[in-house]
Amino acid sequence: MRGFGKYWGWIVFAVLVAGWLTFDFGPVVLVVLSGVSAFYFFFNVPVWCGAAGRGGACRHNSHGVLMGCHLRQHKWQKVQMIFWTARWARLRQELFQNATTTLASLGGILAVTSGVASTLQPLFGGGW
């Protein structure tokens, strides 16, 4: 995708935040918007790869904060960090290494939190 089309997830995230602030959407809509936002931030947002290499962090373009660049080793390196607790510190450094990845990581975390909250909201009598 070129131009503005690769940033579509930010619009979905803005609608999600507006839905929470105005209470205009039901929990099902909030769960769907949260899932779409989380998918965008973790697997589609344009960021730098950031995988550890010989010359420091990789600066190739990547799709999503949990995905590596076009190099197969970098993709596996990012995925393995999620499942190995010994590498969580390194994953945290890579997810929050600059402003772009920090915003994408926070957006993904907020989207997942929103999804969990909107799923649990009917159980605690939110009034929708």
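**Close-up views of a predicted model**

**View 1. The crossing of helices α2 and α5 is left-handed.** In this predicted model, the two helices pack at an angle of about 155 degrees, and their axes lie 8 Å apart. Because angles over 145 degrees count as roughly antiparallel, α2 is described as roughly antiparallel to α5. On the α2 side the contact includes Pro27, Leu30, Val31 and Ser34, together with Phe41 and Phe42, while the residues of α5 that take part include Ala104, Gly107, Gly108, Ile109 and Val112. Sorted by class, the contact between α2 and α5 consists of 10 nonpolar and 8 polar residues, with no charged residues.

**View 2. Helix α1 also crosses helix α2, and this crossing is left-handed.** The axes of α1 and α2 come within 9 Å of each other and cross at roughly 145 degrees. From α1, the residues that meet α2 include Trp8, Trp10, Phe13, Leu16 and Trp20, and among their partners in α2 are Leu30, Leu33, Val36, Tyr40 and Phe41. The contact of α1 with α2 has 12 nonpolar residues and 4 polar ones, and again no charged residues are found in it.

**View 3. Phe23 lies in the loop between α1 and α2.** The phi angle of Phe23 is near 55 degrees, which is a positive value in a residue other than glycine. As a general background to this view, most residues other than glycine have a negative phi.

**View 4. The largest nonpolar core of the model has 18 residues.** Those with the most contacts inside this core are Phe41, Val45, Val65 and Ala104. Helices α1, α2, α4 and α5 each supply at least two residues of the core, and α2 gives the most to it, with 6 residues. Val65 can be followed further in this view, since, leaving aside its neighbours within four places in sequence, Val65 is in contact with residues that include Phe41, Phe42, Val45, Val47 and Lys78. The contacts of Val65 also include Leu95, Thr101, Ala104 and Ser105, and two of these residues, Leu95 and Ser105, are taken up in the next view.

**View 5. Ser105 in helix α5 and Leu95 in helix α4 are shown with their contacts.** Ser105 has a relative accessible area of 1% and is therefore buried, and Leu95, at 13% relative accessibility, also counts as buried, because the cut-off for a buried residue is under 20%. Not counting residues up to four places away in sequence, Ser105 touches Val65, Leu95 and Phe96, whereas Leu95, counted in this way, touches Val65, Leu66, Thr101, Thr102 and Ser105. Leu95 and Gln80 are 15 residues apart in sequence, and the distance between their C-alpha atoms is 14 Å.

**View 6. The whole protein chain, with 5 helices and 4 strands, sets the close-up views in context.** Read along the sequence, the secondary structure follows the pattern α-α-β-β-β-β-α-α-α. The C-alpha trace spans about 55 × 35 × 20 Å along its principal axes, and buried residues make up 34% of the 128 residues in the chain. Among contacts between residues at least 6 apart in sequence, 49% join residues at least 24 apart.

Definitions and conventions
Residues are numbered from 1 along each chain as its sequence is written. This is a predicted model: local features need pLDDT of at least 70, side-chain atom pairs count only at pLDDT 80 or more; totals for chains, interfaces and linings use all residues. Side-chain values use heavy atoms; hydrogens and water are left out. Buried means under 20% relative accessible area, exposed over 50%, partly exposed in between (1.4 Å probe, protein chains only). Contact means heavy atoms within 4.5 Å. A nonpolar core is a set of buried Ala, Val, Leu, Ile, Met, Phe, Trp, Tyr and Cys residues joined through side-chain atoms within 4.5 Å. Axes are lines fitted to C-alpha atoms, for helices over the stretch in contact, and angles run from 0 to 180 degrees between N-to-C directions. Angles under 35 degrees count as roughly parallel, over 145 as roughly antiparallel, 65 to 115 as roughly perpendicular and the rest as oblique. A crossing is left-handed if the near helix is turned anticlockwise from the far one by less than a right angle, and right-handed if clockwise. Ala, Val, Leu, Ile, Met, Phe, Trp, Tyr, Cys and Pro count as nonpolar, Asp, Glu, Lys and Arg as charged, and the others, Gly among them, as polar.
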